[in-house]
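Trainee: I am new to this structure and would like a close look at one part of it. Please take a single helix packing as the starting point, and then work outward from there.

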Amino acid sequence: WPGAPRPDPAALRRLVDLDKGRIDRRVYWDETIYRMELERIFARTWLFVAHESQVAKPDDFLTTYMGEDGVIVARGQDGRISVFLNSCTHRGNKISLAEVGNRRRFTCNYHGWTFDTQGALVGLPHEDIYKATCPDFDKAALGIHRARVESYKGLVFATFNDEAPGLEQFLGDYRWYLDVLLDNDEGGTEFLPGNIKSRMQCNWKFPAENFAGDSYHAAWTHNSGAMAMLGTGVGKSNQERSYQVNVNGHGWQFGLDMVGNAMVLGEPEIVQYLREREARVAERLGKLRSRMVGAISSANLFPHTSFLPGQNTFRTWHPKGPSAIELHTWVLVNKSAPQSIKDKYMKGVMRTFSPSGTLEMDDGDNWENATQTNQGVVTRAQKLHYGLGMDSAIAHEELKGAVHLRKYNDTNQRAFFRRWLDLMCQEID
Ligand code: FES
Ligand code: FE
């Protein structure tokens with residue numbers, strides 16, 4: 001099957017000129033580019049699918065997406081986590097309509113084929129008739145297509161690409177930064193119960209690149225919301241003590257002078273909790289990274305998983321067409337944190353980064369408007385500017401990956417698009 005015509009790599013590279021910091025608006029709305037993203041990025045790279053705490057017990061499961069493909073993440077009786085398509089091998093119906101639960105079997109609503117927590121077909125009505133009348137009937141071959149699964153410190157990733165290098169290579173030195181979030185306490189982390197799902201009419205890359213490095217918008221977009229909700233404005237950050245770092249397209253921007261800042265969700269108890277733990281964290285992660293714990297910052301794990309270290313919202317931007325996303329949001333905390341602190345994080349995240357949260361509404365408005373205006377027939381011919389911080393690369397004794405000084409910077413967004421281009425231009429069958 002020949003498939004739709006594809007732009008050649010040279011044409012794609014003309015759209016995204018990273019040397020000049022100019023990006024063609026087409027990447028935010030074009031249907032062909034979007035279809036290529038699903039095939040070349042979402043179907044071929046590692047994707048975050050769950051936190052282990054969401055499927056803590058045998059037979060726990062949840063449903064989510066890898067690109068637009070629905071999948072089930074399930075823990076088996078042996079404790080191992082499997083990820084497989086949420087689509088019956090008979091006629092393709094969903095085998096789980098539930099979004100979360102605990103069950104040993106998934107029985108399809110249509111004709112009753114039944115699968116286990118690894119996607120194997122374990123039963124079907126009138127199996128004797130199949131055996132008698134269907135010469136090539138092979139029950140073992142009718143299991144559901146499974147993804148490769150690997151975990152890093154509680155985060156479960158999956159990919160449908162058999163040839164993709166392992167998760168360790170995918171994350172690379174980004175693990176050193178992830179440990180700030182995932183390993184600042186010996187007890188590890190968990191997601192608080194509940195998964196908030198909402199829709200936005202924007203291209204998935206706007207939120208992803210925004211969280212990867214767009215600190216520049218925060219003091220402008222969020223100042224009034226922060227004052228109303230948190231009692232203090234966003235304030236200026238010391239540019240000479242702040243950084244953008246990136247590894248393999250994963251980005252993290254942070255300042256080192258913002259630890260325990262009153263902006264930590266406007267909750268003095270959280271600030272106190274962070275301060276009390278600072279020395280212990282320094283022993284565990286070193287002084288520099290201990291200053292990143294609780295510092296207001298933002299990060300995106302390529303392609304579509306974002307989090308705000310310090311504010312502890314964790315989210316995925318699932319693509320739903322070129323101009324729409326389904327946002328899944330959780331609250332990530334240290335397992336050992338007192339319940340009162342977990343409650344404060346939950347309340348703080350709901351007030352700021354939930355569908356009714358002030359700061360999320362600020363962002364959503366910008367992303368939806370930018371997605372929509374970029375489609376205008378005259379507007380679309382004008383390139384977008386991604387040129388901030390072209391000369392900001394520095395050598396740093398401790399920080400890993402590509403390090404750039406000053407968090408008012410477009411470096412991480414360019415790194416995001418560099419990775420995007422590499423994957424979009426790859427040869428695939
Ligand atoms: Fe699932 Fe027929 S579609 S049993
Ligand atoms: Fe924002």
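Mentor: In this predicted model, start with helix α6, residues 205-213, and helix α13, residues 411-424, whose axes come within 7 Å and cross at roughly 130 degrees. Angles from 115 to 145 degrees fall outside the parallel, perpendicular and antiparallel ranges, and α6 and α13 are therefore oblique to each other. The crossing in which α6 passes α13 is right-handed. On the α6 side the contact is made by A208, E209, A212 and G213, and on the α13 side by T411, N412, Q413 and F416. Sorted by class, the residues in this contact of α6 with α13 are three nonpolar, four polar and one charged.

Helix α6 also packs against helix α12, residues 358-373, at an angle of about 130 degrees and with the axes 10 Å apart. That angle makes α6 oblique to α12. The crossing of α6 and α12 is right-handed. Here α6 contributes F206, P207 and N210, while α12 contributes D363, W367, A370 and T371. By class, the contact of α6 with α12 has four nonpolar, two polar and one charged residues.

Another helix pair can be read in the same manner. Two packed helices are described by the angle between their axes and the distance between the axes. For helix α9, residues 268-285, and helix α11, residues 339-352, the axes come within 9 Å and cross at roughly 125 degrees. That makes α9 oblique to α11. The crossing of α9 and α11 is left-handed. The contact is made by E269, I270 and Y273 of α9 together with S340, I341, K344 and Y345 of α11. Its residues, by class, are four nonpolar, one polar and two charged.

From the helices, move to the strands. The UniProt record, in an unreviewed entry, lists residues 46-158 as "domain: Rieske". In the model, the chain over residues 46-158 is 6% helix and 38% strand, and the C-alpha atoms at the two ends are 5 Å apart.

One open sheet has four strands in the order β6-β5-β4-β7, with antiparallel pairing. Its edges are β6, residues 81-85, and β7, residues 100-102; each has a single partner strand, so one side of each is left without a neighbour in the sheet. From one strand to the next the twist averages 25 degrees. Within this sheet, strand β5, residues 69-75, pairs with β6 in the antiparallel sense over five bridges. To find the pairing in the view, look for A74, which stands opposite S82 in β6. In a regular strand the side chains alternate between the two faces of the sheet.

Next comes a hairpin. Strand β11, residues 148-152, and strand β12, residues 155-159, pair in the antiparallel sense over five bridges. The bridge partner of E150 is F157 in β12. Two residues lie between the strands of this hairpin, and K153 takes a positive phi near 45 degrees there.

Another open sheet has three strands in the order β1-β2-β21, again with antiparallel pairing. Its edge strands are β1, residues 16-17, and β21, residues 384-385, and each of them pairs on one side only. Strand β2, residues 22-23, is joined to β21 by two bridges in the antiparallel sense. In that pairing, R22 has H385 of β21 as its bridge partner.

Two loops on either side of β18 also have backbone details to look at. The loop between β17, residues 297-301, and β18, residues 305-308, holds P303. The peptide bond that leads from F302 to P303 is cis, with omega near 0 degrees. Further along, N312 lies in the loop between β18 and β19, the latter covering residues 313-319. N312 is not a glycine, yet N312 has a positive phi of about 65 degrees.

To return to the starting point, α6 is in contact with α13 through residues including A208 and A212, and with α12 through residues including F206 and P207.

Note on methods
Residues numbered from 1 in each chain as written. Chains lettered and ligands numbered in written order. Predicted model: local features only at pLDDT ≥ 70, side-chain atom pairs only at ≥ 80, totals over all residues. Pairing = 2+ DSSP bridges. Axes fitted to C-alpha atoms, helices over the stretch in contact; angles between N-to-C directions. Parallel < 35°, antiparallel > 145°, perpendicular 65-115°, else oblique. Left-handed = near helix turned anticlockwise from the far one by under 90°. Contact = placed C-beta atoms within 7 Å. Nonpolar A, V, L, I, M, F, W, Y, C, P; charged D, E, K, R; others polar. UniProt positions renumbered as here; feature names shortened; annotations may be inferred.
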